[in-house]
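Me: I have a model open and want to learn to read its features one at a time. Can you take me through it?

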Amino acid sequence: MSKNINLLRWSDSMDYQLPIIVALVALLSVLLSPKAKGVNAFFRGESSEGAQPSLLTLTFSQVTTWIFARSLMNAAILGFYYGIWGTLAYAAYYLSFLTGAKIIDHLRFEQGYNSVQEFLSDRFGHWGTRCYNLVIGVRLVSEVFANLLVIGILFGAAGTGSYTLAVVGLALITLAYSMLGGLHASLRTDLFQMIIFLAVLGLLLVMALSSGGMTAEIFAFRPFDITAPGLVLLLVALLQVWSYPMHDPVMMDRGFLADRETTRKSFLHAGWISIVCITVFGLLGVMAGASALEGENMNQVLTRILGELPMLLFSASLVISAMSTLDSTLSSSAKLMVVDMKIMQPSLANGRMVMALFMLSGVLCVFWGNKDLFSAVAVSGTASMYLAPVIFFSLWQNKKEIPVWSYLTSFTLALAGAALYFTESSGYSALLGDAHKYTKLLWISATVMVVGCALFWLGEKQNQKANDGLVAD
């Protein structure tokens, strides 16, 4: 899909309007960002009164940090190429809120852990946290990269001055207000940005419906076929949603901010709201795919059907979602390095320094990294699948006799699977033949999950047998 990253290039005739929208949203985000007065506000999102976030704030923060620019673009592109099944496949990833709610409930409220790292350290020692921190560190950098990339291609082709200015400019703006208030500021701006996003998306949907292009016929332009890429990707999503939330530090961090009932409701409401939003946005891609003439890309089709103003809203929604995700990603990056990994002393200066380093890493990836947006999701999701047996055995069944070798072998297998998918989808290898890349992803994901669970089962049986032998002696 890397060849399609310019599908949402902005039209030259309205270049000045999108920057104005970006500037206004950025200015309001800065004004809404209170300066953090202590480490608890910066790293844990506490207000100056020590109050927990409300249900609405926590729910909207969950939604807007997961409906990021890369997700919106992926949903639309998958709809454009694979029809409604492509959009539903991407929407299925948002079932992660349901599995995430169960993970947090067991982790925090039933077993009393204060973080994922604390749980993994207790069960698997330092190897538990080292493997996990590596995976989520890479994910955080990839989130910064992917959202900046989307912003860049809205303003120009890669390498142009407008592309570079957009990437660097948004990076600096978002970094500025993120460094000001940390997680507490992120929660406040998430609420504001989500309200604006819902308004823009609702207006965009009304315009799409009034255009006459959003009809029942668009759902049939890619007929049902069990071997079609969209349906295959749907199966992949249903495999990966079990482990995907645990490797997302932004989601996990928000599971430790409020009481049990507020936390549970925020996850459930965030799930259905996200699925609706992603599906609605993806339908724009489906509509474009069903109406495309030979040689037209998605941007050209939507502009022809909807006109310039809806396309401005389309791009504005991407910018708003990118900003809301970036500030939350930076907050989680600071918490990871300072609070969870304890690499440095917890201070505002150290937290801000970590934010700057992660933003710099993301910017460097934009200019020198891979440009395939969905590959980042697929590779990250495949790597996260080493956590599936951890969740099934160690967390939900509370089995404490899983050996470290089971954990490490599952981790190694998942990383190998992620690397294999990357090389296969990028054309660097053809070990799995000439099957579609999503079919290969399904094979890899299923293998990683099944073998990983088998390793945990064998490890548990081995330890039980050893313990029974000690008792007999």
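Me: Is Cys-277 buried or exposed?

Reply: Cys-277 is buried, because its relative accessibility is 5% and buried means under 20%. Keep in mind that this is a predicted model. Cys-277 sits in helix α11, which covers residues 260-291.

Me: Which residue can I compare with Cys-277 across the chain, and what separates their C-alpha atoms?

Reply: Take Val-63. Cys-277 and Val-63 are 214 residues apart along the chain, and their C-alpha atoms are separated by 9.3 Å.

Me: What about Ile-103: where is it, and is it buried or exposed?

Reply: Ile-103 belongs to helix α6, residues 96-110. Its relative accessibility is 0%, so Ile-103 counts as buried. Its C-alpha atom is separated by 9.3 Å from that of Gly-255, with the two positions 152 residues apart along the chain.

Me: Now a loop. Where does Ala-158 lie?

Reply: Ala-158 is in the loop between α7 and α8, the latter being residues 161-210. At 48% relative accessibility, Ala-158 is partly exposed; the exposed class needs over 50%. Ala-158 and Ala-75 are 83 residues apart along the chain, and their C-alpha atoms are separated by 22 Å.

Me: How do I look for empty space inside?

Reply: Rolling a probe the size of a water molecule over the atoms shows where empty space is left. Here, a search of the whole structure gives four cavities of 30 Å³ or more. The largest cavity has a volume of about 100 Å³.

Me: Which residues are closest to the centre of the largest cavity?

Reply: They are Gln-117, Met-252, Asp-253, Lys-335 and Asp-340, out of 14 lining residues. Three elements give two or more residues to this lining: α7 (116-155), α10 (249-253) and α13 (308-340).

Me: How does the lining of the largest cavity divide by class?

Reply: Seven lining residues are nonpolar, four are polar and three are charged.

Me: Lys-335 and Asp-340 carry opposite charges. How should I read such a pair?

Reply: Side chains of opposite charge can pair when their charged atoms come close. Lys-335 and Asp-340 do form a salt bridge, at 3.2 Å from N to O. The cut-off is 4 Å.

Me: Are these two partners buried or exposed?

Reply: Lys-335 is buried, because its relative accessible area is 8%. Asp-340 is buried too, at 16% relative accessibility.

Me: Which residues are joined into one network by salt bridges that share partners?

Reply: Asp-105, Glu-110 and Arg-260 are joined in that way.

Me: How many salt bridges are there by this rule?

Reply: The count is 13. Two examples help. Arg-304 and Glu-296 meet at 2.8 Å, N to O. Asp-122 and Arg-123 also form a salt bridge, with their closest N and O atoms 3.8 Å apart.

Me: And how accessible are the two arginines, Arg-304 and Arg-123?

Reply: Arg-304 is partly exposed, with a relative accessible area of 43%. Arg-123 is buried, at 12% relative accessibility.

Me: What should I look for in the backbone angles?

Reply: Most residues other than glycine have a negative phi, and most peptide bonds are trans. Now look at Lys-342. Its phi is positive, near 55°, and Lys-342 is not a glycine.

Me: Where is Lys-342, and is it buried or exposed?

Reply: Lys-342 is in the loop between α13 and α14 (348-368). Its relative accessible area is 63%, so Lys-342 is exposed.

Me: Which other residue has a positive phi although it is not a glycine?

Reply: Asn-398, with a phi of about 55°. Asn-398 lies in the loop between α16 (387-396) and α17 (404-426). At 35% relative accessibility, Asn-398 counts as partly exposed.

Me: Last, the surface. Which residues make a nonpolar patch?

Reply: Leu-27, Leu-28 and Leu-31 make a nonpolar surface patch of about 310 Å². Patch residues need over 30% relative accessible area. Leu-31 counts as exposed, because its relative accessibility is 65%. Leu-31 is placed in helix α1, residues 17-31.

Note on methods: Residues are numbered from 1 along each chain as its sequence is written. This is a predicted model: local features need pLDDT of at least 70, side-chain atom pairs count only at pLDDT 80 or more; totals for chains, interfaces and linings use all residues. Side-chain values use heavy atoms; hydrogens and water are left out. Patches are made of residues with over 30% relative accessible area and no salt bridge: like charges are joined within 9 Å, nonpolar side chains (Val, Leu, Ile, Met, Phe, Trp, Tyr) within 5 Å. Accessible areas come from the Shrake-Rupley method with a 1.4 Å probe; for residues, only the protein chains shown count as cover. A salt bridge is a side-chain nitrogen of Lys or Arg within 4 Å of a carboxyl oxygen of Asp or Glu. Helices (H or I, at least four residues) and strands (E, at least two) are DSSP runs, numbered from the N terminus. Buried means under 20% relative accessible area, exposed over 50%, partly exposed in between (1.4 Å probe, protein chains only). On a 1 Å grid over the protein atoms alone, a cavity is a set of points where a 1.4 Å probe fits but cannot get out, and a pocket is an open set with protein on both sides within 12 Å along at least five of seven lines; lining residues have an atom within 4 Å of a point. Grid points are joined across faces, edges and corners, and a volume is the space filled by probe spheres set on the points. Ala, Val, Leu, Ile, Met, Phe, Trp, Tyr, Cys and Pro count as nonpolar, Asp, Glu, Lys and Arg as charged, and the others, Gly among them, as polar.
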